[in-house]
Amino acid sequence: MTHALPQLPYPLDALEPYIDAKTMETHHAKHHAGYVAKLNTALEKHSELRDMPLMELLTSLPTLPADIRDAVRTNGGGHFNHSLFWRVMKKSDGGEAKGEVAMAIKSSFGSLESFKAGFSKTALELFGSGWVWLCYRDGGLVIESTPNQDNPVMNGGGEPILGLDVWEHAYYLRYLNRRPDYVKAWWNIVNWDQIAENLDEAMKLAHVSTPA
Ligand code: MN3
């Protein structure tokens, strides 16, 4: 098995004007594809790991062979993070969190507005390159951030159900260094239906892995 670049679930220009087509093309076909290629190259050295699912690679980093551990962390992380990122966005339709997701957000953060404010603040305070996450953990939702291509899966920080890429390559062409403008615009293209599905999956996983 080799790891493969997933297709984008929408055309390159679907997220315009909030994220431009050129950024999407470079981000997907160069950055994400690069992580996938380098992950596969690293795994070639250890045939016993070639069939290990990505999630398992990321949760077993400390026990992986030392010569590829950093490469799997960076490139496996990059592959996982971007695969989630593409799916939690969609063409803007003015939709907001509803149903179970809306209730979970209210219960953990007080209101949708205070969740968005806290998530955006975390994105602006993250120094350098990294990611901001909404995670399901211990029956509730938490906001986390990770540097580089790390993620909560490898840190035991919970199940990520939403992720925002705040590397400059995600926004520089349209927004230059104005990360606040990018983050503010990004809320317009959040795919709340997908987040609802991700929350469902995360709750099922937690149920399965919790001893009776
Ligand atoms: Mn990126």
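In this predicted model, the largest nonpolar core comprises 46 residues, and those with the most contacts inside it are Tyr182, Trp186 and Trp192. The elements that contribute two or more residues to this core are helix H3 (66–87), helix H4 (99–109), H5, S1, S3, helix H8 (179–186) and helix H9 (192–209). Strand S1 gives the most to the core, with 6 residues. Because domain 1 (21–87) and domain 2 (99–209) both supply residues to this core, it lies between them.

Tryptophan 192, one of the residues with the most contacts inside the core, is in contact with Gly95, Glu96, Ala97, Val101, Ile105, Leu112, Phe115, Lys116 and Trp187, once its neighbours within four places in sequence are left aside. Apart from the largest core lies another one, of 15 residues, which includes Ala42, Met52, Leu61 and Phe80.

**The sheet and its packing**

Three strands form an open sheet in the order S2-S1-S3, and the pairing is antiparallel. Strand S2 (140–147) and strand S3 (159–165) stand at the edges, each with a single partner strand, so one side of each is left without a neighbour in the sheet. Neighbouring strands of this sheet are turned against each other by 25° on average, direction ignored. Helix H5 (residues 112–125) packs on the sheet and touches S1, S2 and S3, while its direction makes about 140° with that of S1.

Strand S1 (residues 130–137) pairs with S2 in the antiparallel sense over 8 bridges, and with S3, also in the antiparallel sense, over 6 bridges. Of the 8 residues of S1, 7 are buried, so this strand is largely enclosed by the rest of the structure. Individual positions illustrate the register of the two pairings: arginine 137 stands opposite glycine 140 in S2, tyrosine 136 has leucine 141 of S2 as its bridge partner, and cysteine 135 has proline 160 of S3 as its bridge partner. In a regular strand the side chains alternate between the two faces of the sheet.

**The manganese site**

The protein donors of the manganese ion are His27 (NE2), His82 (NE2), Asp165 (OD) and His169 (NE2), which lie 1.9 to 2.1 Å from the ion. Along the chain these donors follow the spacing H-x54-H-x82-D-x3-H. Histidine 27 belongs to helix H1 (residues 21–44) and histidine 169 to the loop between S3 and helix H7 (172–175), so the pair ties together parts that are 142 residues apart in sequence. With a relative accessibility of 2%, histidine 27 counts as buried.

**Backbone features in loops and before H1**

A cis peptide bond joins glutamate 16 and proline 17, with omega at about 0°, and proline 17 is found in the segment before H1. Two residues other than glycine take a positive phi: for aspartate 138 the angle is near 50°, and for asparagine 148 it is about 55°. Aspartate 138 belongs to the hairpin of S1 and S2, which has 2 residues between the strands. Asparagine 148 lies in the loop between S2 and helix H6 (152–155).

The table sets out the location and relative accessibility of three loop residues.

| Residue | Location | Relative accessibility | Class |
|---|---|---|---|
| Aspartate 138 | Loop between S1 and S2 | 78% | Exposed |
| Asparagine 148 | Loop between S2 and helix H6 (152–155) | 45% | Partly exposed |
| Methionine 89 | Loop between H3 and H4 | 1% | Buried |

**A buried loop residue**

Although methionine 89 lies in the loop between H3 and H4, this residue is buried, with a relative accessible area of 1%. Leaving aside its neighbours within four places in sequence, methionine 89 is in contact with Tyr10, Leu15, Ile19, Trp186, Ile189 and Asn191. Among these partners is Trp186, itself one of the residues with the most contacts inside the largest core. The C-alpha atoms of methionine 89 and isoleucine 189 are separated by 5.3 Å, with the two residues 100 residues apart along the chain.

Terms used: Residues numbered from 1 in each chain as written. Predicted model: local features only at pLDDT ≥ 70, side-chain atom pairs only at ≥ 80, totals over all residues. Heavy atoms only, no water. Pairing = 2+ DSSP bridges. Helix = DSSP H or I, 4+ residues; strand = E, 2+ residues; numbered from the N terminus. Axes fitted to C-alpha atoms, helices over the stretch in contact; angles between N-to-C directions. Contact = heavy atoms within 4.5 Å. Donors = N, O, S within 2.8 Å, 3.2 Å for Na, K, Ca; no water. Buried < 20%, exposed > 50% of the residue type's maximum accessible area, 1.4 Å probe, protein only. Core = buried A, V, L, I, M, F, W, Y, C linked by side-chain atoms within 4.5 Å. Domains from an automatic or database assignment.
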